[in-house]
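Please look over the model shown here before reading on. The report covers its overall make-up and then a few chosen residues.

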Amino acid sequence: QVQLVESGGGLVQRGGSLRLSCVASGSIFSIHVMGWYRQGTGKQRTLVADITSSGTTNYADSVKGRFTISRDNAKNTVYLQMNSLKPEDTAVYYCTAAPPGVPTSLGLWGQGTQVTVSP
């Protein structure tokens with residue numbers, strides 16, 4: 001079993017930056033893709049970005065050019081660097097991890113970390 005623990009959320013002003021981290025522990029050899037989803041109040045949980053073990057990335061259109069996902073396999077950690085933040089980025093951000101052949105939406109989830117962007 002894999003456990004995911006996120007950190008790095010908080011309150012920031014429009015245009016500011018935050019860096020989220022997610023550390024995986026447990027049966028980490030089974031992890032292929034790691035990613036970040038977010039869920040705003042009253043909204044569905046949606047993909048922000050994900051990254052494979054070989055470094056292939058995928059981003060939601062709404063964050064392209066502003067957010068960067070990266071991964072340190074030696075530390076079993078995935079990061080989400082968020083720049084030029086907007087109020088609409090306000091959400092709970094969840095880390096996810098999935099084995100080969102399994103979509104991240106069906107993988108394991110962390111507990112979430114709140115990101116709030118003030119106008």
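What follows describes the fold, the surface, the disulfide and several single residues.

This is a predicted model, in which local features need pLDDT of at least 70, side-chain atom pairs count only at pLDDT 80 or more, and totals for chains, interfaces and linings use all residues. Residues are numbered from 1 along each chain as its sequence is written, and side-chain values use heavy atoms, with hydrogens and water left out.

**Overall make-up**

The protein has 11 strands and zero helices; both are DSSP runs numbered from the N terminus, where a helix (H or I) needs at least four residues and a strand (E) at least two. Read from the N terminus, the order of elements is β-β-β-β-β-β-β-β-β-β-β. Along the principal axes, the C-alpha atoms fill a box of roughly 40 × 25 × 20 Å. The radius of gyration of the protein is 13 Å, which agrees with the value near 14 Å for a compact globule with 119 residues. That radius is taken over C-alpha atoms, and the globule rule is 2.2 Å times the number of residues to the power 0.38.

Of the 119 residues, 43% count as buried. Buried means under 20% relative accessible area, exposed means over 50%, and partly exposed lies in between (1.4 Å probe, protein chains only). Contact means heavy atoms within 4.5 Å. Among contacts between residues at least 6 apart in sequence, 56% join residues at least 24 apart.

**Surface and charge**

About 6,000 Å² of the protein is exposed, and carbon and sulfur atoms supply 51% of this area. The areas come from the Shrake-Rupley method with a 1.4 Å probe. There are 10 positive and 6 negative side chains, and the centres of the two sets lie 3 Å apart. Lys and Arg count as positive and Asp and Glu as negative, without His or the chain ends; each charge is placed at NZ of Lys, CZ of Arg, CG of Asp or CD of Glu.

**The disulfide**

Which residues form the disulfide? C22 and C95 do, with their sulfur atoms 2.1 Å apart; the cut-off for such a pair of cysteine sulfur atoms is within 2.5 Å. The pair links distant parts of the chain, with C22 in strand β3 (residues 18–26) and C95 in strand β9 (residues 91–98), 73 residues apart. The torsion about the S-S bond is about -80°, so the disulfide is left-handed. A search of the whole structure finds one disulfide.

**Single residues**

T104 sits in the loop between β9 and β10 (108–109). Beyond its neighbours within four places in sequence, T104 is in contact with V33, Y37, L47, D50, T96, A98 and W109.

Q81 belongs to strand β8. Not counting residues up to four places away in sequence, Q81 touches S17, L18, R19, R66, F67 and T68. Q81 and R66 are 15 residues apart along the chain, and their C-alpha atoms are separated by 8.3 Å.

Two residues other than glycine have a positive phi: N76, near 55°, and S84, near 50°. N76 is in the loop between β7 (67–72) and β8 (77–82), while S84 is in the loop between β8 and β9.

The relative accessibilities of the residues discussed above are given here.

| Residue | Relative accessibility | Class |
|---|---|---|
| C22 | 0% | buried |
| C95 | 0% | buried |
| T104 | 7% | buried |
| N76 | 24% | partly exposed |
| Q81 | 27% | partly exposed |
| S84 | 39% | partly exposed |
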